[in-house]
Amino acid sequence: MTDTLSDSRTSARMFTEGVPVVVEDVRRRTPAERAAVLEDPGFGRHFTDSMFVARYRAGEGWYDARLTTYGPLPMDPATAALHYAQSIFEGLKAYAQPDGSVATFRPEANAARFARGARRLAMPVVPEEAFLTAVDALVDADREWVPTEPDQTLYLRPYMLASEPFLGVRPAHEYLFLIIASPAGAYFPRGVQPVSVYLSEDYIRAAPGGTGDVKCAGNYAASLLAQEQAIEAGCDQVVWLDAVEKRYVEEMGGMNLFFVLGSGAEGGAAELVTPELTGTLLPGITRDSLIEVARSMGYRVTERLFSVEEWRQGVADGTVTETFACGTAAVITPVGEVKARTGDFTVGDGTPGPLTMRLREALLDIQHGRVADTHGWLHRVG
Ligand SMILES: Cc1ncc(COP(=O)(O)O)c(C=O)c1O
């Protein structure tokens, strides 16, 4: 965030036309300090040495792109994002590959979703190429922070906020685009366990015409009370229903949902159903990837409305054999117990279902480079 260019060099990377990525002399922790963090990184608790920052001003466009030492942002108390939540973010991961290289997973999809979010929040768009350049620049600079233990990753958090200091409800004229990186341990260090979920009947996450299909900060702030209610009810996660009829299942906390109809054990016999993208749920990149992976394994995948009644009835009559949630952080999480005012039920026998685990392994194998990337989803960072 310094305005001086001392101890910095201009890299060959261009953020946008005429705006090179300046690489500062970042303060680095010692190999021993890094190893101590990577021994048990957890999730979202530790951050790497560098961060990427670029600035935007209306009339001028993007400027001052740089890799700098991770640290606090100087912030005026009137900074618009703090008052009006003009703020969007992304989440993706970098994976150490068996050949020693590092790859991110479908970063173009994150770039595209970020651009859509920016338009929805009346923010400037980070050109998709610039987004990819910035992600690559940060991962490359902090490459030694990409964990190499099984199922460990480097989680990347690109985000943009309105940085102009003013009070008043209008799109800001100044913005910051940043990327920070956080080493992440295996999500289920003691084995994959089904989560229990609470159907939110008091609160909604997103209504038609709202912002449910973009990753804006306000969506998450508005979800916290319902998540607390889920915890109070003894559940791990909240499941959102549609805002209008409170009848259709939309998503679980920060993850999309899939339902397995029929026997998941034998290839091709089961059908997967996932809530269709009505505009009120987030188009997850894991969701999209699993649709493709499952289809390539011979499973039928249907995107359609799926009601609570169909879920409950299907579990009772044996039609719905498995349910799982998916997202970048946990990849796939099985859903077990379901609590609702209208009656509780449990999917399966309390253990992860066979198709849930098969798809989980298949996607992890692609991401960690253990099988050929036939979909072209890995992006080598170099
Ligand atoms: C509300 C919500 N739904 C679904 C997802 C899953 O999306 P992805 O698979 O792109 O991580 C996320 C996480 O980004 C989310 O925040």
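These legends describe close-up views of the ligand site and the largest cavity in a predicted model.

**View 1. Residues around the ligand.** The ligand has 16 residues around it. Coming nearest are Lys215, Tyr220, Glu251, Thr286 and Thr328. Sorted by class, this shell holds seven polar, five nonpolar and four charged residues.

**View 2. Polar side chains at ligand oxygen atoms.** Tyrosine 220 places a side-chain N or O atom 2.4 Å from an oxygen atom of the ligand. For threonine 286, the distance from a side-chain N or O atom to a ligand oxygen atom is 2.5 Å. Arginine 113 has a polar side-chain atom 2.8 Å from an oxygen atom of the ligand. On its own the ligand has 380 Å² of accessible area, and the protein covers 95% of that.

**View 3. The pocket that holds the ligand.** The ligand takes up the space of the largest pocket. Three elements give two or more residues each to the shell around the ligand: strand S13 (255-261), helix H7 (285-296) and strand S16 (320-327).

**View 4. The largest cavity.** One cavity of 30 Å³ or more turns up in a search of the whole structure. The largest cavity encloses about 60 Å³ of space. Its lining includes Gly91, Tyr95, Phe105, Asn110 and Gln367. Thr286 and Thr328 also line this cavity, and both are among the residues that come nearest to the ligand.

**View 5. Elements lining the largest cavity.** Strand S6 (92-96) and H7 each supply at least two lining residues. S6 gives the most, with three. By class, the lining has five polar, four nonpolar and one charged residues.

Terms used
Residues are numbered from 1 along each chain as its sequence is written. This is a predicted model: local features need pLDDT of at least 70, side-chain atom pairs count only at pLDDT 80 or more; totals for chains, interfaces and linings use all residues. Side-chain values use heavy atoms; hydrogens and water are left out. A residue is near a molecule or strand if one of its heavy atoms lies within 4 Å of it. A polar contact is a pair of N or O atoms within 3.5 Å; within protein, one must be able to donate a hydrogen and the other to accept it, and residues adjacent in sequence count only if both atoms are side-chain atoms. Accessible areas come from the Shrake-Rupley method with a 1.4 Å probe; for residues, only the protein chains shown count as cover. On a 1 Å grid over the protein atoms alone, a cavity is a set of points where a 1.4 Å probe fits but cannot get out, and a pocket is an open set with protein on both sides within 12 Å along at least five of seven lines; lining residues have an atom within 4 Å of a point. A molecule sits in a cavity or pocket if more than half of its atoms lie within 2 Å of its grid points. Helices (H or I, at least four residues) and strands (E, at least two) are DSSP runs, numbered from the N terminus. Ala, Val, Leu, Ile, Met, Phe, Trp, Tyr, Cys and Pro count as nonpolar, Asp, Glu, Lys and Arg as charged, and the others, Gly among them, as polar. Grid points are joined across faces, edges and corners, and a volume is the space filled by probe spheres set on the points.
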